[in-house]
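Here's a quick briefing to read with the model open in your viewer. It goes topic by topic, starting with the cysteines.

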Amino acid sequence: NGNIDVCGSTVTVQDTTNPNAVCQEKIIRNLNNAGSVSINPSDIDNGSTDSCGIMSLSVSPTSFTCADVSNNIVTLTVTDVNGNVGMCTSTVTVQDTIKPITKCLESTTLQLNATGTGSLTGNDLDLTSSDVCGIASLSASPSDFTCAEVGANNVALTVTDNNGNIDTCSSTVTVSDKINPVAKCQETITVELNAEGNVTITPSDIDDGSSDSCGIASLAASTSTFTCADIGANTITLTVTDVNGNVGTCETIVI
């Protein structure tokens with residue numbers, strides 16, 4: 001008899017399936033000269049999908065500084081057009097590959113001590129070296145000096161930052177010896193006039209072990225020849241000159 005009737009119903013179609021979030025396993029990013037670097041979601045995404053379409057990608061964290069040098073776990077959040085969310089994680093390796101900025105003193109002076117030695121540190125050569133991630137150490141090479149280095153010496157300053165990057169600059173270190181010799185005289189010496197009525201002494205006759213760390217160049221006595229007119233006590237000065245021109249004196253009595 002073909003009779004028909006109809007009724008209506010509402011069918012609510014839902015999408016409850018989360019997107020398939022796919023991340024890069026690992027990416028490497030280098031800090032810039034300011035000591036920072038940023039990433040985008042697209043840097044981490046490795047082909048995330050959703051049947052109904054992806055509305056947005058976001059990543060956290062996005063910014064890194066010197067404090068983040070090493071491996072960092074970041075999360076990629078994938079949101080589809082129906083509000084479903086999928087997530088995955090990736091490792092961001094932050095690197096600092098920028099050398100320190102080195103700046104040396106053009107020149108400096110090092111005074112040897114009484115033992116004929118002297119040393120300096122990287123700080124003695126540094127002017128205003130810097131690094132955005134911080135300086136770990138300053139070192140000078142060579143750092144130890146002796147009498148053999150008196151004069152101008154080229155010395156390298158090595159600057160190492162907190163992440164192992166290295167740069168160098170150089171400075172002229174003038175090593176100087178300003179220490180006078182230790183002049184040591186015999187307290188007294190006695191000499192006899194010869195048949196002609198005179199006698200001659202040498203500086204070594206009155207020296208009693210004068211010394212200098214860098215070496216003695218010469219000894220000189222203020223008077224070396226005596227005659228009948230000098231019979232009695234005579235005060236004589238011994239002048240000791242070292243190899244760098246420093247002078248020490250002492251006195252002795254020549255009878």
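The link of Cys66 and Cys133 is left-handed, with -80° about the S-S bond. Its sulfurs sit 2.0 Å apart, and it ties together distant parts of the chain, 67 residues apart. Keep in mind that this is a predicted model.

**Disulfides**

- The structure holds 5 disulfides.
- Cys66 is in the loop between β4 (63–65) and β5, while Cys133 is in the loop between α2 (122–125) and β9.
- Cys66 is partly exposed at 22% relative accessible area, whereas Cys133 is buried at 11%.
- Cys23 and Cys88 make another disulfide, with 1.9 Å between their sulfur atoms. The torsion about its S-S bond is about 85°, so this one is right-handed.
- That pair also spans a long stretch of chain: Cys23 lies in the segment before β1 and Cys88 in strand β6, 65 residues apart.
- Both ends are tucked away: Cys23 is buried at 13% relative accessibility, and Cys88 is buried at 12%.
- Cys185 and Cys250 are bonded too, sulfur to sulfur at 2.0 Å. With 80° about the S-S bond, their link is right-handed.
- Here Cys185 comes from the loop between β12 and β13 (188–189) and Cys250 from strand β18 (residues 247–254), 65 residues apart. Cys185 and Cys250 are both buried.
- Number the bonded cysteines in sequence order and the pairing reads 1-3, 2-5, 4-7, 6-9, 8-10.
- Which cysteine sulfur is nearest to Cys52, which is in no disulfide? That of Cys88, 19 Å away. Cys52 itself is partly exposed, with a relative accessible area of 45%.

**Sheets**

- One open sheet has 4 strands in the order β1-β6-β5-β3, with mixed pairing. Its edge strands are β1 (26–30) and β3 (54–60), each pairing on one side only.
- Neighbouring strands in this sheet are turned by 30° against each other on average, direction ignored.
- Within this sheet, β3 and strand β5 (residues 70–80) pair antiparallel over 6 bridges, and Ile54 stands opposite Asp80 in β5.
- Another open sheet of 4 strands runs β7-β12-β11-β9, again with mixed pairing. Its edges are β7 (107–111) and β9 (135–141), each with a single partner strand, so one side of each has no neighbour in the sheet.
- The twist in that sheet averages 35° from one strand to the next.
- Strands β11 (residues 151–161) and β12 (residues 166–176) run antiparallel and are joined by 10 bridges; Gly151 stands opposite Val175 in β12.

**Nonpolar cores**

- The largest nonpolar core has 16 residues, and those with the most contacts inside it include Ile39, Phe64, Leu76 and Val92. Strands β5 and β6 (85–95) each supply at least two residues of this core.
- Leu76 touches several residues beyond its sequence neighbourhood, among them Cys23 and Cys88, the two halves of one disulfide.
- Apart from this core lies another, of 14 residues, including Cys104, Leu112, Leu120 and Leu125.

**Salt bridge**

- A search of the whole structure turns up 1 salt bridge. Asp43 pairs with Arg29, their closest N and O atoms 3.6 Å apart.
- Asp43 lies in helix α1 (residues 41–44) and Arg29 in strand β1, so the pair ties together parts that are 14 residues apart in sequence.
- Are these partners buried or exposed? Asp43 is partly exposed at 21% relative accessible area, and Arg29 is partly exposed at 25%.

Definitions and conventions: Residues numbered from 1 in each chain as written. Predicted model: local features only at pLDDT ≥ 70, side-chain atom pairs only at ≥ 80, totals over all residues. Heavy atoms only, no water. Pairing = 2+ DSSP bridges. Axes fitted to C-alpha atoms, helices over the stretch in contact; angles between N-to-C directions. Salt bridge = Lys/Arg side-chain N within 4 Å of Asp/Glu carboxyl O. Buried < 20%, exposed > 50% of the residue type's maximum accessible area, 1.4 Å probe, protein only. Core = buried A, V, L, I, M, F, W, Y, C linked by side-chain atoms within 4.5 Å. Contact = heavy atoms within 4.5 Å. Disulfide = S-S within 2.5 Å. Lists of a residue's contacts leave out its neighbours within four places in sequence.
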